[in-house]
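Colleague: Could you take me through one part of this model closely, namely the place where the ligand sits? I would like a connected account of what surrounds the ligand.

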Amino acid sequence: MKDWGDTLKRLEKFKKYSAKTLAIHGGQSADPITGSVMAPIYQTSTYAQSDFAKPLGEFEYSRCQNPSRRILEDALALIEGGNFGLATSSGMGAISLVMSFLSAGDEIICGDDVYGGTYRYLSQVLSRYKIKAHFVDFSKIEEDENFLDQFDFNKVKMIWLETPTNPLLKIFDIEKITQYAKKKKCLVSVDNTFATPIFQNPLALGADFVVHSLTKYVGGHSDTVAGAVIVKDEDLAEKLYFEQKNVGPICPPFDSWLLTRSLKTLAVRMRAHEENAQKVAEYLEKSPHVEKVVYPGLENHPQHALAKKQMHGFGGMLSFYIKGDLEKTKAFVKNLKLVLLAESLGGVESLIEHPATMTHASIPKELREENGISDNLLRLSVGIESLDDILQDFEDALKPL
Ligand SMILES: *Cc1c(COP(=O)(O)O)cnc(C)c1O
């Protein structure tokens, strides 16, 4: 028995629906016994069997599969345009499952502006297993289609993309990179945490894996840590399930249930985040205390046109540079009353953080500064509070600087 059951058959009846509908109904149906519209939380570790190795239903043991997790996985697979979803204990759990495709001697090309944990995993953990990572600025492919020719694709087995990137919101051309990778028989994984499936669908653009930290926008309420991998291809899915079963990074039943609930409002939340983010970006651009604002929805963003083409929305994340040094940047953040200083992002509440000392502190200082993560950079996850209240909080915090 396969751990994922007959996924293709289960998902087929939903495939005609759009992402907005799938977020609400994907993989779900009323309980045939009780009529319950919402699925219960299957808080169980094991499942009764009628005879030796004959489970009553499709489930044997909850590390391998669990009904609550399966509902979330099916919903995520559908909304991303994939066939198989795996829900994991965290975004890093999902990332480690995909990277388990690499063996000693293999190499990976990764964006140079990635989530700090991804950088740390490659540089401090996988390096011990003789897997070598190269960190590059994929936007170079815009000027030179063959700029990745410098790498030895007998060794490079995977390209790791994050777009928009964290924290500098660079946009990479997923289609162009996957087309190049296919010629080299190299797998492509896209971390779609920032855009969410509502604003970007990497599988449709040729990616092999989509990875999410569900902790962020999909969870949306800053109350759950989880992750996911979604693929179209059954062979890839099989290897992922095998790895997950062996290593054990699974999303627990209650968290799966919470995330299935959160997913239902993802489409409306993303529109609200985006609407506020655009306005906050425009406001900050005009402030004399702000040196520069980075938001893909601003026309002066270097890849604004690409973002418009590749994404269905610009998202709720923006970064900006305070005019001044670390002390001034700190003073500004201390003045904020509504916007909270915290790591993480994608919740309904606005959160601000300081990449250089918080999320990206594990990146060596020279590399960090070379990439633009300087001491006066702040990353803002724009929440869905009243826009007027957010703008007033910024106004009150910037004025005394
Ligand atoms: C937070 C984050 C991760 C890691 O996810 P966790 O759920 O914290 O393990 C990976 N990628 C991106 C882009 C993130 O923002």
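Modeller: In this predicted model, the space that the ligand takes is the second largest pocket. The shell around the ligand is made of 14 residues, and the closest of them are G91, D191, S213, T215 and K216. Sorted by class, this shell holds six nonpolar residues alongside five polar and three charged ones. Its largest share, three residues, is contributed by helix α4, which runs over residues 91–99.

Turning to individual atoms, D191 places a polar side-chain atom 2.7 Å from a nitrogen atom of the ligand, while S213 has a polar side-chain atom 2.8 Å from an oxygen atom of the ligand. With M92, by contrast, the backbone is what takes part, as one of its polar backbone atoms is 2.9 Å from an oxygen atom of the ligand. On its own the ligand has 380 Å² of accessible area, and the protein covers 92% of that.

For completeness, I add a word on a sheet in the model, in which five strands are arranged in the order β10-β11-β14-β13-β12, forming an open sheet with mixed pairing. Because β10 (290–294) and β12 (340–341) stand at the edges with a single partner strand each, one side of each is left without a neighbour in the sheet. The pairing of β12 with β13 (residues 351–353) is parallel and extends over two bridges, and in it L341 stands opposite I352 of β13.

Conventions. Residues are numbered from 1 along each chain as its sequence is written. This is a predicted model: local features need pLDDT of at least 70, side-chain atom pairs count only at pLDDT 80 or more; totals for chains, interfaces and linings use all residues. Side-chain values use heavy atoms; hydrogens and water are left out. A residue is near a molecule or strand if one of its heavy atoms lies within 4 Å of it. A polar contact is a pair of N or O atoms within 3.5 Å; within protein, one must be able to donate a hydrogen and the other to accept it, and residues adjacent in sequence count only if both atoms are side-chain atoms. Accessible areas come from the Shrake-Rupley method with a 1.4 Å probe; for residues, only the protein chains shown count as cover. On a 1 Å grid over the protein atoms alone, a cavity is a set of points where a 1.4 Å probe fits but cannot get out, and a pocket is an open set with protein on both sides within 12 Å along at least five of seven lines; lining residues have an atom within 4 Å of a point. A molecule sits in a cavity or pocket if more than half of its atoms lie within 2 Å of its grid points. Helices (H or I, at least four residues) and strands (E, at least two) are DSSP runs, numbered from the N terminus. Ala, Val, Leu, Ile, Met, Phe, Trp, Tyr, Cys and Pro count as nonpolar, Asp, Glu, Lys and Arg as charged, and the others, Gly among them, as polar. Two strands pair if DSSP finds at least two bridges between them.
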